[in-house]
Amino acid sequence: MIGVAIIGCGSIGEIHAQCLQSVEGARLGAFCDAFEQRAQELSRKFQGSYATTDPARIFSDDSIDAVYICTHHDTHSLLAIQAAQAGKHVMMEKPLALTLDECYRVGNAVEKSGISLMTGFKMRYYPSVARVKQFIPNPIITVAQMMDGHWPSDFWANDPIKGGGNVLSQGCHTMDLVYYLNESEPERIYAEGDNFTHDGVKIIDNIVATIRFANGRVASVVQGDSGQTPFVSKFSFQVMDGMRTAHLHDRMKTATLFDGEKVVEHTDPEEYGFQEENRDFIRALQMNQKPPITHRDGLRATLLILKAFESIRTGLPQDVRF
Ligand SMILES: NC(=O)c1ccc[n+]([C@@H]2O[C@H](COP(=O)([O-])OP(=O)(O)OC[C@H]3O[C@@H](n4cnc5c(N)ncnc54)[C@H](O)[C@@H]3O)[C@@H](O)[C@H]2O)c1
């Protein structure tokens, strides 16, 4: 049995706990939150062995093999480094960290310790995404857009210290999916953007970025909270290979495939991913294998956003090799 602790018992911590209940081989152990009551609530609900406000108690607990880091973004890197040093495997919610330096430190700690860190990129598990990858395995052009409705300026994820803003928070998913659809390492990013709608909050809230991959192919990424567009919803990912095109829309549940003559459309009944990523993480640990989505995936996605910010600040393209 893999003993699991949840650190950060908010909405996503609870979703993971719910999923883990039906993952064979997982045992929910400890629940940790800065708010004791929240940790206790989840511990009671999921029959945990204890609730705590102190992550150090979990890191020194021999019955815990893996920790889920589901806290606000300013705590991710330190918790991940401490977990790695304690020999605990990690399921990490995005982003990996808030700064480039922290990202590299997490990467080093994971590699030095030999633990597994899986990044929670649930959209890789959507059947619609698999259909698009199969239909167009080698895109020439990718056009990705994730546009939220306006996020309140006082939302914690928009806080420059606690969250880093929508672009960092949500953009990691977008960057990971763009990479996943291309499966070529990004080499360079150029971005434009600004704080357009969150007066007085020190974040870049909307960006338009161009990425060049090692295989010479390119992607365009639009990320922010300027409002969802009625035809494509929050998400729109289009790929083209010179002959065929595919479009993920309808919150990514629908894949519309066009071979130049006929259009075929598939719609998934629901959004998948949370259950599947939990299953794969626990299975990988049980089999002593690396998880399918690693710390390098988390690193790449976070670096792409942070380098996009750097590009906006400097007006120059940024090297994103790592
Ligand atoms: N994969 C997805 O689709 C998805 C969706 C939403 C959020 N997320 C990510 O999940 C994470 C959590 O987001 P959320 O929406 O659950 O937030 P939330 O505010 O609901 O929960 C976060 C919890 O972490 C606790 N916390 C903060 N600092 C802590 C610390 N140092 N130690 C212990 N507990 C601490 C808070 O008290 C809170 O209960 C974030 O990284 C977010 O980006 C992922």
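How many residues surround the ligand, and which are the closest? In this predicted model, the shell around the ligand holds 22 residues, and the closest are Ile12, Asp33, His72, His73 and Lys94. That is a good place to start looking, so to speak, with the structure open in front of you.

Let's take the setting. The ligand sits in the largest pocket. Domain 1 (2-122) and domain 2 (124-273 + 303-319) both contribute residues to the shell, so the ligand lies between them. If you prefer to find your way by secondary structure, look for helix 1 (11-21) and helix 7 (166-182), each of which provides at least two residues of the shell. By residue type, the shell divides into seven nonpolar, 11 polar and four charged.

Now for the individual contacts. A polar side-chain atom of His73, one of the closest residues, is 2.7 Å from an oxygen atom of the ligand. Ser11 also places a polar side-chain atom by a ligand oxygen, at 3.0 Å. With Glu93, the partner is a nitrogen atom of the ligand, and the distance from a polar side-chain atom is 3.1 Å. As for cover, the ligand taken alone exposes 850 Å², and the protein buries 81% of that.

Two spots in the backbone also deserve a visit. Most residues other than glycine have a negative phi, and most peptide bonds are trans. Lys94, which is among the residues closest to the ligand, is joined to Pro95 by a cis peptide bond, with omega about -15 degrees. Pro95 belongs to the loop between strand 5 (89-92) and helix 5 (100-113). The other spot is Glu183, which is not a glycine yet has a positive phi of about 50 degrees. You will find Glu183 in the loop between helix 7 and strand 8 (186-194).

Key
Residues numbered from 1 in each chain as written. Predicted model: local features only at pLDDT ≥ 70, side-chain atom pairs only at ≥ 80, totals over all residues. Heavy atoms only, no water. Near = heavy atom within 4 Å. Polar contact = N/O pair within 3.5 Å; in protein donor to acceptor, adjacent residues only side chain to side chain. Areas by Shrake-Rupley, 256 points an atom, 1.4 Å probe, with all protein chains shown as cover. 1 Å grid on protein atoms, 1.4 Å probe; cavity = no way out; pocket = protein on both sides within 12 Å on 5 of 7 lines; lining within 4 Å. Sits in = over half its atoms within 2 Å of the grid points. Helix = DSSP H or I, 4+ residues; strand = E, 2+ residues; numbered from the N terminus. Nonpolar A, V, L, I, M, F, W, Y, C, P; charged D, E, K, R; others polar. Domains from an automatic or database assignment.
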